[in-house]
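Biologist: I would like to go through this structure with some plain questions. Please show it before we start.

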Amino acid sequence: MPHQLVVVANRLPIDVAVAEDQTVTWNRSPGGLVTALRPVTEASDAAWVGWGGAADLEMEPMEVDGTRLVPVSLSTEEVVSYYEGFSNDTLWPLYHDVIAPPTFHRSWWDDYQTVNERFAHAAAAEALPGATVWVHDYQLQLVPAMLRQMRPDLKIGFFLHIPFPALEIFAQLPWRTQVLDGLLGADLLGFQRVGGAQNFLQTVRKYTAATTRGPVVEVPATDGSRRRAIARAFPISIDSAAFNARARTPQVRERAAQLRTELGTPNVMLLGVDRLDYTKGIRHRLQAYGELLDEERLSPERTVLVQVASPSRENVDAYVQLRAEVELTVGRINGSHGTVGHTPVQYLHQSFDADEMAALYLAADVMLVTALRDGMNLVAKEFVAAHFDDGGALVLSEFAGAADELTSALLVNPHDIDGLKNAIVTAAEMDGRQRRRRMRKLRQRVLANDVQNWSTKFLNALTEVRRTA
């Protein structure tokens, strides 16, 4: 049965596993996009189109929490070319300011088009006449235009969760015009930051026949008419009230105290929580921390850095190399400054459930978010939401989208190692009064602008764009 709202994302909101006997099992996914959209889909007549996460797997649609899940299958070859290849070895590094060099393969591009068309067909089949289809992220940038061709009756929104690069960087993409044309099939295009929307509008003016006036794009149609699209910033957030409530529970508070004890009751507990990704600035963070220990500006015996680095894209060469470098650096710091019974870096290459994460946030004195480039960084907002005690200090990269909102954090340029070191020391030595004052401002912002506010603003704006078109 068709639906009034169709979400289209690379992944379904479940993680699928296939056993050796080919038995298929699944669990609800803890991903950020799933958390962000759950309030919208649960309150609507909704379907979710996405890949189950396992190659060569044919699955029937299913109902989960009142939402129809529509699996899109990917072959083993397409996982390599469309997902690991074009999405994560071409677009991802390109959109993150070429921190790592992107790879351009024409065969990857061919499969990217093929898979995008498969997603578009699945979405079109699930949508009622005049329905809203909300397409998400860089893996599916061709879907809006494909959908518009198949179903011109639909309200089509697109949201990019990662940065949109400057014109000079985007220009390197051999298929830049096709990607822009794909995106311009949407009625409303959402970006994390104002700068991302402006970068997009600039590239549209340079490489397409569309014209722009402020956030409005006049898109020419094949029949000579013109259609309006809007490109604006809609900074995403978290379910901050739920995260705040989780941190207040007795079990999380007890676990936070236990963590401090297990770490030897340090004077200062620093925390980093990231996917193991070269965009997150983990190497810069470790370099700064190691130098602070070398210079004795932080005490190796009374300071600990807990670095959670959840596994990510372990089949991509750049990530394999990053893991090796990070683990080598951790070993060097611990070898130089560790003692029997105490290691200055607690490195955890694994993922944790929501309660354990909330306990880690609550236990930490200083949160280090040193991304070299990041669309938003929801970890920074989770840390703020968890600190109902108004404790904790946030060191935040100015290159993360969260810096636009969380201006009471200690903002840093992570490439400036000396500046990063000074910010870490300032955060570690900050008196309680200043810490509480800063955290109250941060919490006011995070609790007021939650994920429900984000999704409501986007969907209301999409309806308005179609109404006034």
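Modeller: Here a residue counts as exposed when its relative accessible area is over 50%, and as buried when that area is under 20%. Keep in mind that this is a predicted model.

Biologist: Is glutamate 60 buried or exposed?

Modeller: Glutamate 60 sits in the loop between strand S4 (46-51) and strand S5 (62-64). Its relative accessible area is 64%. The cut-off for the upper class is over 50%, so glutamate 60 counts as exposed.

Biologist: Which residues form the negative surface patch?

Modeller: Glutamate 60 is one of its members. The full patch consists of Asp56, Glu58, Glu60 and Glu77.

Biologist: How many residues apart in sequence are the parts that tyrosine 95 and phenylalanine 170 tie together?

Modeller: A search of the whole structure gives 22 aromatic pairs. Tyrosine 95 and phenylalanine 170 form a tilted pair, with 6.2 Å from centre to centre and 55° between the planes. Tyrosine 95 belongs to helix H2 (residues 76-95) and phenylalanine 170 to helix H5 (residues 167-170), so the parts tied together are apart in sequence by 75 residues.

Biologist: Is tyrosine 95 buried or exposed?

Modeller: The limit for the lowest class is under 20% relative accessible area. Tyrosine 95 has 0% relative accessibility, so it counts as buried.

Biologist: Which residue forms a salt bridge with aspartate 187?

Modeller: The structure holds 24 salt bridges. Aspartate 187 lies in the loop between helix H6 (176-183) and strand S9 (188-191), and its partner is in strand S12 (residues 226-233), 40 residues apart. The N to O distance is 3.9 Å, and the partner is arginine 227.

Biologist: In which helix does arginine 255 lie?

Modeller: The side chains of arginine 255 and glutamate 356 meet in a salt bridge of 2.8 Å, N to O. Glutamate 356 lies in helix H12 (residues 354-363), and the pair ties together parts 101 residues apart in sequence. Arginine 255 itself lies in helix H9.

Biologist: How does glutamate 356 count by its relative accessibility, and what is the value?

Modeller: The cut-off to apply is under 20%. Glutamate 356 falls in the buried class because its relative accessibility is 17%.

Biologist: How far apart are the closest N and O atoms of glutamate 325 and arginine 283?

Modeller: These two residues form a salt bridge. The pair links distant parts of the chain, with glutamate 325 in helix H11 (residues 317-337) and arginine 283 in helix H10 (residues 282-294). Their closest N and O atoms are apart by 2.5 Å.

Note on methods: Residues numbered from 1 in each chain as written. Predicted model: local features only at pLDDT ≥ 70, side-chain atom pairs only at ≥ 80, totals over all residues. Heavy atoms only, no water. Patch = residues over 30% accessible without salt bridge, like charges linked within 9 Å, V, L, I, M, F, W, Y side chains within 5 Å. Areas by Shrake-Rupley, 256 points an atom, 1.4 Å probe, with all protein chains shown as cover. Salt bridge = Lys/Arg side-chain N within 4 Å of Asp/Glu carboxyl O. Lys, Arg positive; Asp, Glu negative; His and termini not counted. Charge placed at Lys NZ, Arg CZ, Asp CG, Glu CD. Helix = DSSP H or I, 4+ residues; strand = E, 2+ residues; numbered from the N terminus. Buried < 20%, exposed > 50% of the residue type's maximum accessible area, 1.4 Å probe, protein only. Phe/Tyr/Trp six-rings, centres within 6.5 Å; stacked < 30°, edge-to-face > 60°.
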